Amino acid sequence: MYKLTFLAIFHLAILFQVSAQEKLSAKEILDKTSMVINNSNGFNAKFTTTTFDGTTPANTFAGTLDVKGEKYIMKTDAISVWFNGQEQWTLMPGNNEVSLMTPTPEEMQVSSPMSFTTIYKQGFKLSKDSGTLRNRKVWNITMLPKDRKQEPSKITVTIDQQTYLPLCLRVRNNGDWTRISITDIDTNTNFSDSHFTFPTSDYPEYKIIDLR
């Protein structure tokens, strides 16, 4: 009888949890994701980015991503970017130069993989649906700008229902789609703020071009 009662309570708890999750609005889910990302010591992940011509994949490249709040480091074979919350360094192998700039909010919307954690709060209509991705239950949150002339014209974020971390980001900009698939997420990191500043000593052969 005790075992049966315990199992009944356990299943009821799961049902209540599922019910509560189903009632969450798209904004509440993004609020939770933003809080998880901004209140953590950061996470590291691998990603694969695919650009599309219409619905046809055009280019694919892979890389790594370190994130702490709005700060990030993105590294690929073609480009590496450091953003410490104010300044952004962009390194393209082959020309021995690193450009330094202070990106505008509009530029951050396009360049930062985590910009969705702030821009959804104003100027966007939000909707959600549920599904699965890589055998995980997820929410798909769609963001449409209220200004129809605004770019990106559509953003869809796929969020893990257990961890509230993003698993995929799809962006439509000037009619073309870009998909960023995020895998191998490691939350056991403890990034310092200085981690996201360009390490000049590691690249002594590179000249910094100050565009601020």
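# A tour from strand β11

Start by selecting T183, which sits in strand β11. The model on screen is a predicted one. With a relative accessible area of 29%, T183 is partly exposed, because it falls between the 20% and 50% limits used for buried and exposed. Show its surroundings next: leaving out residues up to four places away in sequence, T183 touches A45, K46 and R134. Then add T64 to the selection. T183 and T64 are 119 residues apart along the chain, yet their C-alpha atoms are separated by 9.6 Å.

**The whole chain**

Zoom out to the full model. The protein has four helices and 12 strands. Of its 212 residues, 37% count as buried. Among contacts with a separation of 6 or more, 48% are made by residues 24 or more positions apart.

**Two residues with positive phi**

Go back to R134, one of the residues touched by T183. R134 lies in the loop between β7 (124–133) and β8. Its phi is positive, about 55°, although R134 is not a glycine. R134 is partly exposed, with a relative accessible area of 37%.

Now select N174, in the loop between β10 and β11. Here too the residue is not a glycine, and N174 has a positive phi of about 55°. Is N174 buried or exposed? The relative accessible area of N174 is 58%, so this residue is exposed, the cut-off being over 50%.

**A cis peptide bond**

Move to the loop between β8 (136–145) and β9 (154–160), where P152 is found. Display the backbone from E151 to P152: the peptide bond between them is cis, with omega near -5°.

**The largest pocket**

Turn on a pocket display if the viewer has one. The largest pocket holds about 680 Å³ of space. Of the 33 residues that line the largest pocket, select T49, V110, S111, T178 and I180, which are the closest to its centre.

Which elements should be coloured to follow the lining of the largest pocket? At least two lining residues come from each of these:

- the strands β1 (43–53), β2 (56–68) and β3 (71–76);
- the strand β5 and the helix α3 (105–111);
- the strands β10 (166–173) and β11 (176–186).

β1 gives the largest share of the lining, five residues. Colouring the lining by residue class shows 19 nonpolar, 12 polar and two charged residues.

**T90 in strand β5**

β5, one of the elements that supply the lining of the largest pocket, also holds the next stop. Select T90, in strand β5 (residues 88–91). T90 is buried, with a relative accessible area of 14%, because buried means under 20%. Neighbours within four places in sequence aside, T90 is in contact with two runs of residues: I79, S80 and V81, and also E97, V98 and S99.

**Helix α2**

End at helix α2 (residues 26–38), which has 13 residues. At 1.5 Å a residue, α2 should span 18 Å, and its end C-alpha atoms are 18 Å apart, so the expected and modelled spans agree. Show the side chains of A26, I29, L30, T33, S34 and I37, which are buried. Then look down the axis of α2: the buried residues fall within an arc of 135°, so they line one face of the helix.

How values were computed: Residues numbered from 1 in each chain as written. Predicted model: local features only at pLDDT ≥ 70, side-chain atom pairs only at ≥ 80, totals over all residues. Heavy atoms only, no water. Buried < 20%, exposed > 50% of the residue type's maximum accessible area, 1.4 Å probe, protein only. Contact = heavy atoms within 4.5 Å. 1 Å grid on protein atoms, 1.4 Å probe; cavity = no way out; pocket = protein on both sides within 12 Å on 5 of 7 lines; lining within 4 Å. Points joined across faces, edges and corners; volume = space filled by probe spheres on them. Nonpolar A, V, L, I, M, F, W, Y, C, P; charged D, E, K, R; others polar. Expected span 1.5 Å × (residues − 1). Arc of directions from axis to C-beta.
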